[in-house]
Amino acid sequence: MKNFALIGAAGYIAPRHMKAIRETGNNLVAALDKNDSVGIIDSHFPDADFFTEFERFDRHVDKLRRQGDGKQIDYVAICSPNYLHDSHMRFALRAGADAICEKPLVLNPWNIDGLQEIERETGRRVNTILQLRLHPAIIALKAKVAASPADKKFDVDLTYITSRGHWYLQSWKGDDKKSGGISTNIGVHFYDMLHFVFGKLQDNKVHYNSPTKAAGYLEYEKARVRWFLSVDVNDIPADVRAAGQRTYRAITADGESIEFSDGFTDLHTVSYREILAGRGFGLEENRVAIETVAHIRSAAISPLTGDYHPFVA
Ligand code: NAD
């Protein structure tokens with residue numbers, strides 16, 4: 001049984017990590033959040049210690065490390081806001097634990113280089129949650145693409161509209177410096193999945209970029225991709241909205257729909273199983289997606305010529 005600590009325990013995604021720790025037969029021994037609305041811990045690990053101050057958490061983790069004898073923290077799960085991930089991963093590794101970090105791993109590619117250095121210094125490892133890589137529909141698509149003729153390029157349309165209320169732009173998620181903006185915070189799942197399935201990134205154009213929506217064109221070895229992301233409910237197609245839906249997800253490859261909505265929420269436990277078996281996705285596996293989002297944040301807007309997503313026109 002491995003000992004876990006968790007940073008960002010009061011947030012939206014933390015319970016999925018608590019569930020994954022429990023479902024893989026392990027123990028959460030310490031948790032940190034600057035917000036103390038963490039009653040959810042009782043549903044999973046009522047004996048866990050909880051801290052609202054980093055320094056007290058650090059002291060406790062260090063005490064457990066010095067005690068040894070099975071008490072030390074083996075893994076630190078990181079569910080804090082995106083811009084804090086690299087600092088929290090450094091803490092984990094220096095504390096003698098491996099890290100399991102939420103997406104996006106970091107905001108900029110050079111942060112990965114710094115973390116690789118600390119991995120070498122400490123001999124500990126960073127694992128990341130890239131859960132779409134573990135989704136059966138995406139694994140099947142990857143196999144189909146791998147079996148296609150060498151010169152085949154798929155035409156892919158990716159549309160992801162996930163409505164958020166007014167709170168979104170008031171929170172860290174709406175602050176570019178903290179979340180990286182919509183393409184980094186939400187799109188990174190998809191850019192990683194596209195690279196995983198379709199190979200090397202060859203072109204990256206941005207057609208639209210605002211706090212609530214973004215669109216562009218990505219080309220990979222095996223695909224041309226027109227993408228559109230939004231958190232604005234008004235972008236949901238009228239017929240879907242009329243049916244009361246606030247989310248609209250569609251991915252097509254050569255016009256054929258890829259159904260990946262189901263099973264999205266259970267993939268944290270699958271990710272943990274893989275990590276615990278030594279098959280986690282490491283720092284380098286995140287590089288292309290992080291390069292993609294860093295470019296999207298800084299790119300000039302391209303004119304609407306050639307391939308562009310129909311929702312931006
Ligand atoms: P959230 O705002 O609900 O939770 C973040 C938590 O971190 C909050 O409780 C906050 O108080 C805490 N926090 C902030 N600063 C802190 C600090 N310095 N020390 C300790 N705790 C601190 O956000 P969320 O939606 O849970 O997202 C957390 C992370 O998970 C983000 O990186 C996000 O991108 C990622 N995420 C992943 C998925 C997925 O499907 N894999 C889904 C949602 C979010």
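**Exercise 1. The ligand**

Of the 26 residues around the ligand, which come nearest?

*Solution.* This is a predicted model, where local features need pLDDT of at least 70, side-chain atom pairs count only at pLDDT 80 or more, and totals for chains, interfaces and linings use all residues. Residues are numbered from 1 along each chain as its sequence is written, and side-chain values use heavy atoms, with hydrogens and water left out.

- Step 1. A residue is near a molecule or strand if one of its heavy atoms lies within 4 Å of it.
- Step 2. D33, N82, K103, W172 and K173 come nearest to the ligand.

**Exercise 2. Polar contacts**

Find atoms of I13, S80 and Q131 that lie by an oxygen atom of the ligand.

*Solution.* A polar contact with the ligand is a pair of N or O atoms within 3.5 Å.

- Step 1. Take the backbone. An N or O atom of I13 lies 2.9 Å from a ligand oxygen. For a backbone N or O atom of S80, the distance is 3.2 Å.
- Step 2. Take the side chain. A polar atom of Q131 lies 2.8 Å from an oxygen atom of the ligand.
- Step 3. Add the cover. On its own the ligand has 840 Å² of accessible area, and the protein covers 85% of that. Such areas come from the Shrake-Rupley method with a 1.4 Å probe.

**Exercise 3. The sheet**

What is the order of the six strands in the open sheet?

*Solution.* Strands are DSSP runs (E, at least two residues), as helices are (H or I, at least four), numbered from the N terminus. Two strands pair if DSSP finds at least two bridges between them.

- Step 1. Read the order: β3-β2-β1-β4-β5-β6, with parallel pairing.
- Step 2. Look at the edges. β3 (49-51) and β6 (126-128) each have a single partner strand, so one side of each is left without a neighbour in the sheet.
- Step 3. Check one pair. Three bridges join β5 (residues 98-101) to β6. I100 has N127 of β6 as its bridge partner.

**Exercise 4. Unusual backbone**

Locate a cis peptide bond, then two residues with positive phi.

*Solution.* Exposed means over 50% relative accessible area, buried under 20%, partly exposed in between (1.4 Å probe, protein chains only).

- Step 1. K103 and P104 are joined by a cis peptide bond, with omega about -20 degrees. P104 sits in the loop between β5 and α5 (109-122).
- Step 2. D69 is not a glycine, yet its phi is positive, about 50 degrees. D69 lies in the loop between α3 (54-67) and β4. D69 is exposed, at 75% relative accessible area.
- Step 3. D254, also not a glycine, has a positive phi of about 50 degrees. Its loop runs between β11 (247-253) and β12 (256-257). D254 is partly exposed, at 39%.

Technical notes. A polar contact is a pair of N or O atoms within 3.5 Å; within protein, one must be able to donate a hydrogen and the other to accept it, and residues adjacent in sequence count only if both atoms are side-chain atoms.
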